[in-house]
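Grab a coffee and work through these short exercises with the model open. Each one sets a task and then walks through the solution.

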Number of protein chains: 2
Amino acid sequence: MVTRTLARNLVASRYDDIPQAVLHEAARALLNWLGCAIGSSRHETVACALAAVTPFSGPSQAAVLGRAERLDILRAALINGISSHVLDFDDTHARAIHPSAPVLPALLALAEWRKVSGAEFAHAFVLGVEAEERIGLSVFPEHYDIGWHITGTAGVFGAAAATGRVLGLNHQQMTWALGIAATQSAGLREMFGSMCKSLHPGRAAQNGLTAALLASRNFTSSEQAIEAPRGFAHVLSTKFDPAVITDGWGERYELMSNMYKPYACGLVVHAAIDGCIELKREHAIQPSDVERIELKVSPLVLELTAKTTPRSGLEGKFSVYHAAAAALIHGAAGESQFSDAVVRDPEVIALRDRVSAQAAASLRRTEAYVNIVLKDGRTYSRHVAHALGTLQRPMSDADLEAKFRGLTAAILTPRQIDEVITLCWQLTALEDAGALARAAVPRAY
Amino acid sequence: MVTRTLARNLVASRYDDIPQAVLHEAARALLNWLGCAIGSSRHETVACALAAVTPFSGPSQAAVLGRAERLDILRAALINGISSHVLDFDDTHARAIHPSAPVLPALLALAEWRKVSGAEFAHAFVLGVEAEERIGLSVFPEHYDIGWHITGTAGVFGAAAATGRVLGLNHQQMTWALGIAATQSAGLREMFGSMCKSLHPGRAAQNGLTAALLASRNFTSSEQAIEAPRGFAHVLSTKFDPAVITDGWGERYELMSNMYKPYACGLVVHAAIDGCIELKREHAIQPSDVERIELKVSPLVLELTAKTTPRSGLEGKFSVYHAAAAALIHGAAGESQFSDAVVRDPEVIALRDRVSAQAAASLRRTEAYVNIVLKDGRTYSRHVAHALGTLQRPMSDADLEAKFRGLTAAILTPRQIDEVITLCWQLTALEDAGALARAAVPRAY
């Protein structure tokens, strides 16, 4: 029953019922996602995948964000899904999955092929996130603990729901779309650390869009794909709480639990970075004046990021010592602070070796105490109760704009950057949401 | 280790080491598969899927078997994978999966795009079957019992291995190809009875080929994708016997356990059909002379196929009564004996109502006793110890030719049919295996 009920809810939802705050959150998620996808568009993972599929692509229907290539909409969904997640800098739901990476690539590609208004786009995105998060949470955390990468396995439902909505599927077809999504659900956590991690949202976007397209042609599936004894939930999890999928529908929105990362590394390091950046800014600290940095953090931080001598940019993301040193020297912790060059910079290394970290079980993983001790004996201290980007202390719209500018500065012109930002904030007023994709590629002058 | 070992075995295999009997079995499987795919090419499931993906297809690189359309190789693999399985008339390994449907569509599409000799093609197919069957059997039957459609979940490895071999992947790349396949492994048994059942081998073919193409561009995955704690085997099964994947490599071949169906319905009905056809032929029985047909069969037959009043062709496949009656009247049990028209034919219905079946626990599922009692009191009896198509009593090459002719008569000209049959038997001598695909589509005259 729950598959059919969810399908009915998706089909019956009305744009006017979506609260303004939720629609604004959709615009924030869109801006954040576009920055991540554009900012990763030169990444080796994206280049490999693009080279592999380009010889088979159909008509030039949809943009590869941040690049000149255009592909058919299913291939564009795949590649933009990969670039969404390759830096692990995309949004995260407070409890489970990365919501935008599987949904927005499918939706934006479809919006280029078939005219979709900004309001329809925002509405479909909200519904896609609702579907994927509710289905994901109905089997979480057991599903994740078994070894499934939930951004892939649940994300495919989000892409199917969102694009199915835009394609105007009826109740029966939406039921089939969810079923066709269910039987393509895939992605193993074993792939973490390889290029396949970002393949997962790419495949989810492509397969979810395929599910909606097939259903629109009356391609049939089981109508109890989620709840049947041999359906998604029971085959891919040991826990299933179907009420999570339907309870409070239209009363609360999963998108309101969405979080954005200000820094290009795992969440657990963020509070320490916050403290370093804030103290540097407030006291105009010169790196050369610093004697040492003392951190007190959650034990999880040392479990995950205790590399004392990282050798590459990627390893730098797993070193709270590097993160603190780079943040103090650069006053930032974007992708460039986790480049090979910065990780190997003698000035950064010298300060990194004077960072110490102590675990305290009483601290949350998004909390930290930071002491900066100067050579002249002065000490500046900061207690970061909640890292920037958590639900308790969300990134502001201006923070998201700054993040977008940082990610796209090397790829788009300043004028284009302003244009994309404006389009995002005006999302629900756009006549044609495809304009977002056309604005998000480098232009020839 | 087992993923890397399998990859090494796949890469190191030499054509000259493959026994002639195995290569001949490859040709038999190829002929049987081509008949199924061509014969299903007008099916609604194929038409739906084709309509859904055609607007996004790339260059005309590969044939849709039995049809005029040409698609990019990844879409051709998808559609031909669907048509392979839509009648459930394709081959079956004695213990687990349908081996050809996920592998041959990928391989043949690739052979049209990139010149592949018949010997390379046969060799790659043998290796693909080896990979998918061994991986499938390493987690079987628990994996299947949980609810996974093993033809989809294991088939993706077969497609990746076979096409990876043709693409000339090295050991490292083949390891990645198996990993990229693993993280796309999908397909729920809940979909049985819907169009999604045949989507599974289609997706396996397409995703396996994608895995090989990505790996050829050095797209990375885990290198322990099958055996790691969060890899394929442990996440998708409660049983894992890695030795099944590697033991006796090159000494036995899974393709030698391949079975072909002479009749267009589930295996359990075949022995009863055999008895009816054989007795009719031997004694020139006229249907109008028959008083009744008495069957003694395995209890499984009545569990699965006890519909006494089937209303459609599809329901006829689940009625041992219809199957026996139609076989006696037509002397055959091909797809046309399971059409709506034959199921609703008054002559067939009249005889069907005089078929009785009794279960006997001592009988194998491929065994039956058939009594035909004539109105004049004569009775003809037959004990079918092993149905035609089992390993104990395989279909002959001539049987496979006849099956191919029956499936393709309405689609190809007699001359084309002869041509495809000849190409199959000459497989290992072909300079260009792509000729098979070009011969398997209707020609304009």
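**Exercise 1: burial and overall form of chain A**

Of chain A's 445 residues, 60% count as buried, meaning that 20 or more other C-beta atoms, placed from the backbone, lie within 10 Å of the residue's own. This is a predicted model, where local features need pLDDT of at least 70, side-chain atom pairs count only at pLDDT 80 or more, and totals for chains, interfaces and linings use all residues. Residues are numbered from 1 along each chain as its sequence is written, while chains are lettered from A and ligands numbered from 1 in the order in which they are written.

Task: work out why chain A agrees with a compact globule.

Step 1. The globule rule is 2.2 Å times the number of residues to the power 0.38, with the radius of gyration taken over C-alpha atoms.
Step 2. For 445 residues, a compact globule would come out near 22 Å; chain A has 22 Å, so it agrees.
Step 3. Along the principal axes, the C-alpha atoms of chain A fill a box of roughly 75 × 55 × 40 Å.

**Exercise 2: one side of a helix**

Task: find which residues of helix H1 (residues 2-12) of chain B are buried, and on which side.

Step 1. List them: B:Val2, B:Thr3, B:Leu6, B:Ala7, B:Asn9 and B:Leu10.
Step 2. They cover an arc of only 160° around the axis (directions from the axis to the C-beta atoms), which means they sit on the same side of H1(B).
Step 3. Recall that an α-helix has 3.6 residues a turn, so residues three or four places apart point the same way.
Step 4. The cover over these buried residues includes helices H6 (118-139), H9 (155-166), H10 (171-182) and H13 (243-246) of chain B. Helices here are DSSP runs (H or I, at least four residues), numbered from the N terminus, and contact means C-beta atoms, placed from the backbone, within 7 Å.

How values were computed: A residue is buried if 20 or more other C-beta atoms lie within 10 Å of its own, exposed if 12 or fewer, and partly exposed in between; C-beta atoms are placed from the backbone. Helices (H or I, at least four residues) and strands (E, at least two) are DSSP runs, numbered from the N terminus. Two residues are in contact if their C-beta atoms, placed from the backbone, lie within 7 Å.
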